[in-house]
Amino acid sequence: EALFERIFGGRLDVRALELLRPLVRDRWSSSVDLVDAVEVLSRRAALGVAERSGTLDDVEDQLFRFGRILDAEPLLRQTLEERAASGERRIELLDRLIGARVDPTTRRLLVQAVSAPRGRTLDRAIEELVQLAAARRERYVAYVTAAAPLTPAQESRLTAALARIYGRAVSLRVDVDPDLLGGLVVRVNDEVIDGSVLSRLSGLRQRLAG
């Protein structure tokens with residue numbers, strides 16, 4: 001802690017110092033665990049700013065939508081993940097993509113994910129951010145893939161059903177994949193509920209082959 005004070009005491013805001021001292025004082029299995037804890041703390045602080053300004057819902061939605069853009073544009077994702085490019089170059093590309101169309105908190109979090117991936121893929125980093133935003137509102141994130149867009153009434157019924165199953169409010173993030181033919185695939189944390197027509201046809205095919 002004394003070393004931390006000598007290095008950062010005059011360089012960080014007093015409130016940041018108060019938050020970091022307990023982390024520095026603790027014992028960690030490895031140095032990377034301390035880095036992980038500081039990163040999560042910084043993300044939560046940024047999301048706290050959005051919560052106080054009333055834009056947390058928008059931030060969560062913008063992060064999710066950016067993740068869907070990356071899913072649809074693999075070349076773009078590869079460019080943003082390119083380790084040979086400098087962090088400044090990747091941030092410049094990010095700013096050309098999002099411009100001033102997102103909340104400042106969204107940009108701050110995306111800049112961190114792009115400039116310091118720390119071994120994670122960008123889509124994984126963004127998924128973690130969406131989950132942190134939902135957890136701030138004491139919600140789970142349900143990633144839903146449907147064969148066609150859901151109506152507001154269908155989304156409402158699905159949200160209520162998942163809330164009953166998991167005993168907690170649920171935030172839906174819906175993606176459309178016509179290849180499913182019908183039905184839904186729902187992922188909450190590591191649990192997958194596959195109710196798609198494609199899955200049922202695959203299961204029938206396996207039974208017939210057996």
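Strands, taken here as DSSP runs of at least two residues marked E, are numbered from the N terminus, and in this predicted model Val185 lies in the strand numbered E3, which covers residues 184–188.

**View 1. Val185 in strand E3 and the residues around it.** With a relative accessibility of 18%, Val185 counts as buried, because the limit for that class is under 20%. When its neighbours within four places in sequence are set aside, Val185 is in contact with Tyr143, Val144 and Thr145, with Leu180, and also with Val192, Ile193, Asp194 and Ser196. Glu92 stands 93 residues from Val185 along the chain, and the C-alpha atoms of these two residues are separated by 36 Å.

**View 2. The whole protein, as a setting for the close-ups.** The protein contains 10 helices and four strands, and reading along the sequence gives the pattern α-α-α-α-α-α-α-α-β-α-β-β-β-α. Measured out along its principal axes, the C-alpha trace spans about 70 × 40 × 40 Å. Of the 210 residues in the protein, 33% count as buried, while the area that the protein exposes comes to about 12,700 Å², with carbon and sulfur atoms supplying 53% of it. Among the contacts with a separation of 6 or more, 60% are accounted for by residues that stand 24 or more positions apart. The side chains include 33 positive and 32 negative ones, and the centres of these two sets lie 1 Å apart.

**View 3. The start of the chain, with helix H1 and a nonpolar surface patch.** Ile7 is found in helix H1, which is made up of residues 2–8, and with a relative accessibility of 39% Ile7 counts as partly exposed. Together with Leu3, Phe8 and Leu12, Ile7 forms a nonpolar patch on the surface, and the accessible area of these residues taken together is about 320 Å².

**View 4. Salt bridges that involve Glu1 and Glu5.** Side chains of opposite charge can pair when their charged atoms come close. Glu1 forms a salt bridge with Arg25, and the closest N and O atoms of this pair are 3.0 Å apart. The pair links distant parts of the chain, since Glu1 belongs to the segment before H1 whereas Arg25 belongs to helix H2 (residues 14–25), 24 residues apart. Glu1 counts as partly exposed, at 40% relative accessibility. A salt bridge also joins Arg21 to Glu5, with the closest N and O atoms 2.4 Å apart. Here Arg21 lies in helix H2 and Glu5 in helix H1, so this pair ties together parts of the chain that are 16 residues apart in sequence. Glu5 is partly exposed as well, its relative accessible area being 28%.

**View 5. Helix H8 and a network of charged side chains.** The structure holds 21 salt bridges, and one of them is formed by Glu128 and Arg124, whose closest N and O atoms are 3.4 Å apart. Both of these residues lie in helix H8, four residues apart, which corresponds to about one turn of the helix. Arg124 counts as partly exposed, at 38% relative accessibility. Glu127 is found in helix H8 too, the helix that covers residues 122–136, and with a relative accessibility of 17% Glu127 counts as buried. Not counting residues up to four places away in sequence, Glu127 touches Tyr143 and Arg187. A network of salt bridges links Glu127, Glu128 and Arg124 with Asp36, Glu39, Arg43, Arg118, Arg120 and Arg187.

**View 6. Two buried residues, Ala133 in helix H8 and Thr106 in helix H7.** Ala133 lies in helix H8, and at 0% relative accessibility Ala133 counts as buried. Apart from its neighbours within four places in sequence, Ala133 is in contact with Leu47, Leu56 and Glu60. Gln78 stands 55 residues from Ala133 along the chain, and the C-alpha atoms of the two are separated by 25 Å. Thr106 lies in helix H7, which is made up of residues 104–115, and Thr106 is buried, with a relative accessible area of 1%. Once residues up to four places away in sequence are left out of the count, Thr106 touches Val59, Gln62 and Leu63.

Conventions:
Residues numbered from 1 in each chain as written. Predicted model: local features only at pLDDT ≥ 70, side-chain atom pairs only at ≥ 80, totals over all residues. Heavy atoms only, no water. Buried < 20%, exposed > 50% of the residue type's maximum accessible area, 1.4 Å probe, protein only. Contact = heavy atoms within 4.5 Å. Areas by Shrake-Rupley, 256 points an atom, 1.4 Å probe, with all protein chains shown as cover. Lys, Arg positive; Asp, Glu negative; His and termini not counted. Charge placed at Lys NZ, Arg CZ, Asp CG, Glu CD. Patch = residues over 30% accessible without salt bridge, like charges linked within 9 Å, V, L, I, M, F, W, Y side chains within 5 Å. Salt bridge = Lys/Arg side-chain N within 4 Å of Asp/Glu carboxyl O.
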